[in-house]
Amino acid sequence: MDICAVVMAAGNSTRMKSAHSKVVHQVAGKPIIKWVADALYKAGCSEQVYIVGDKQEEIRNVLGESVAYIFQEKRLGTGHAVMQAAPFLEGRDGYTIVLPGDSPMVSEETIRKAVDKITEEEELAAVVITAVAEDPTGYGRLVRDGSGNVLRIVEHKDADEEELKIKEINSSMYVFKTSLLLSALGRLSAKNSQKEYYLTDTIGILIGDGYTVGSVVCDFEDTLGVNDRMQLMQACQIMNRRILRKHMANGVQILDESSTWIHCAVEIGQDTIILPGTTLMGNTVIGEDCIIGENSRLDCVQVGDGTVIDYSVATQCIIGNDCRIGPFSHIRPDSRINDHVTIGAYVEVKNSSIDDYSRARHLTYIGDSTVGKNVNFGCGTVTCNYDGQDKVGCVIEDNVFIGGNSNILSSVVLGKDSYIAAGSTITNDVPALGLGIGRSKQVNKEDWVAKKNRLRGASFIKLDNRRSEV
Ligand code: UD1
Ligand code: CA
């Protein structure tokens, strides 16, 4: 069967008030236009042509070269948009799916239903996908005769009082017999309140020709068009709710639907708990029995099983099994944290690998470094990986114990089983089994306070009143 799709995406996105085309804005981690393309692919339609306008580069960047593009020079309406595809459609005798580029909720099932209907019911010239809206304001309305047959579509701005009462709306998604679509497009006029060539008028024209037009009613949510920021928020919320429900159906526990945001490509294992305020982005994959959150953001992170991540941010990194991350940890790109590792409060890790059972529980920076197994970072350890020009970390071998408040300079190797004395600045390698001390020796001056008459006693200092009066 010859089936192709025309997607209208040349609009100016005026109501979105954005420097970008509305169709490249993201819903659940995927650009709106990509949702449309993927629904078409899933419904079995791979031949897709996109009607694009001034912002076409952005759309090409999202969809790539596996689909076709046609430039619509002037935006004269949805009918005019589809007319631009005429050279592509002429001579074909199958069916054409027409979709708006701004409807991310469109489902493959709905497209399939409409395609099945038009292919099974010979007499149909077109199938309109409709929905019943509680508040149909702004949408085109489906006008039917007394027996329920489709007669035409009237735009909100052109509708009379009776027509405005109709709750069945035009989703702007259709399947046409290609030859009849072309014939109707050739007869559109812009004699309406918006002076545009309405695609919706093709339906009335085909009925006038004596053809029959069918309809498929879908869920109103599936038709949501994103024209402004309010609708973008609604689309994000609806899509997010669907994604959360899918994870819950798969055995993931989610405590709060309203503060948990999960992108469409994220995978989560069974019995993992997602606490409030958590955002999981990109292609993040989380194993089983983890606890993520509260208030954590993971972007393209791979997490093993049994790991707990609390009030933390992680980006483009790998975290293994049974790790304890947070509160307030920052794991930056290209970090690889193996199993049973503890990364605690105010610890930042960047482009480093940390092997099993190592611990950095507080106030530590590990950058560009290689850390072995069972290493202990004392509070306040810093790998001094940046000399102002180059970034080179250090190598810390298995079982090293680093005392608190130590600086380990670029390229230094701390040998296996060595110790670093607290407060050291280590500039040279420390041999295996050795102790590195890099600090000045302590000197005690006996009775210094008495001799200098510096006894402080119990002097109480009045604190500033830092709080506003209630
Ligand atoms: C359209 C329908 C309306 C339907 C609603 C559903 C018409 C006349 N109206 O109205 O019946 O209820 O969708 O959401 O079709 N576009 C172009 N070139 C143009 C004009 C528009 O490519 O010259 C594209 C837009 O980028 C958009 C799509 O067509 O992706 C729909 O256009 P839009 O202006 O959003 O139509 P609505 O007013 O929503
Ligand atoms: Ca729209």
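A polar contact is taken here as a pair of N or O atoms within 3.5 Å. By that criterion, the predicted model places a polar side-chain atom of T78 in contact with ligand 1, at 2.7 Å from one of the ligand's oxygen atoms. Two further contacts to ligand 1 involve the protein backbone. A backbone N or O atom of G77 lies 2.9 Å from an oxygen atom of the ligand, and a backbone N or O atom of N170 lies 2.6 Å from an oxygen atom of ligand 1. On its own, ligand 1 has 760 Å² of accessible area, of which the protein covers 89%.

The surroundings of ligand 1 were examined next. The ligand sits in the largest pocket and is surrounded by 23 residues. T78 and N170 are among the closest of these, together with G11, Q72 and E155. Three elements, β1 (3-9), α3 (78-83) and β10 (168-177), each supply at least two residues of the shell. The largest share, three residues, comes from β10.

Ligand 2 is a calcium ion, and its coordination in the model involves D102 (OD) and N227 (OD1), at 2.5 to 2.6 Å. Because D102 lies in the loop between β6 (95-100) and α5 (108-120), and N227 in the loop between β11 (212-218) and α9 (229-249), the pair ties together parts that are 125 residues apart in sequence. Both coordinating residues, D102 and N227, are buried. Water is not among the atoms, so the site may look incomplete.

Backbone geometry was then considered. Most residues other than glycine have a negative phi, and most peptide bonds are trans. Against this background, two cis peptide bonds may be described. One joins G293 and E294, with omega about 5 degrees. E294 is placed in the loop between β18 (291-292) and β19 (297-303). Another cis peptide bond runs from G326 to P327, with omega near 0 degrees. P327 belongs to the loop between β22 (324-325) and β23 (329-331).

Positive phi values occur at Y311 and N351, neither of which is a glycine. For Y311, phi is about 45 degrees, and the residue lies in the loop between β20 (308-309) and β21 (313-319). The relative accessible area of Y311 is 31%, so this residue is partly exposed. For N351, phi is about 40 degrees. N351 is found in the loop that connects β25 (342-350) with β26 (353-354). With a relative accessible area of 34%, N351 is also partly exposed.

The start of β25 is preceded by another loop, which runs from β24 (336-337) and contains N338. N338 has 23% relative accessibility and therefore counts as partly exposed, the range for that class beginning at 20%. N338 and S358 are 20 residues apart along the chain, and their C-alpha atoms are separated by 8.9 Å.

A buried side-chain contact is formed by T260. This residue is located in the loop between β12 (253-254) and β13 (261-262). T260 counts as buried because its relative accessibility is 0%, whereas the cut-off is 20%. The T260 side chain reaches the backbone oxygen of D256 at 2.7 Å.

Two residue pairs illustrate separations in sequence and in space. N374, in the loop between β28 (370-371) and β29 (376-377), is 111 residues from H263 in sequence, and the C-alpha atoms of N374 and H263 are 35 Å apart. The relative accessibility of N374 is 33%, so N374 counts as partly exposed. L409 is found in strand β33 (residues 407-409). L409 and I207 are 202 residues apart in sequence, and the C-alpha to C-alpha distance between L409 and I207 is 80 Å. L409 counts as partly exposed, at 30% relative accessibility.

Technical notes. Residues numbered from 1 in each chain as written. Chains lettered and ligands numbered in written order. Predicted model: local features only at pLDDT ≥ 70, side-chain atom pairs only at ≥ 80, totals over all residues. Heavy atoms only, no water. Donors = N, O, S within 2.8 Å, 3.2 Å for Na, K, Ca; no water. Helix = DSSP H or I, 4+ residues; strand = E, 2+ residues; numbered from the N terminus. Buried < 20%, exposed > 50% of the residue type's maximum accessible area, 1.4 Å probe, protein only. Near = heavy atom within 4 Å. Polar contact = N/O pair within 3.5 Å; in protein donor to acceptor, adjacent residues only side chain to side chain. Areas by Shrake-Rupley, 256 points an atom, 1.4 Å probe, with all protein chains shown as cover. 1 Å grid on protein atoms, 1.4 Å probe; cavity = no way out; pocket = protein on both sides within 12 Å on 5 of 7 lines; lining within 4 Å. Sits in = over half its atoms within 2 Å of the grid points.
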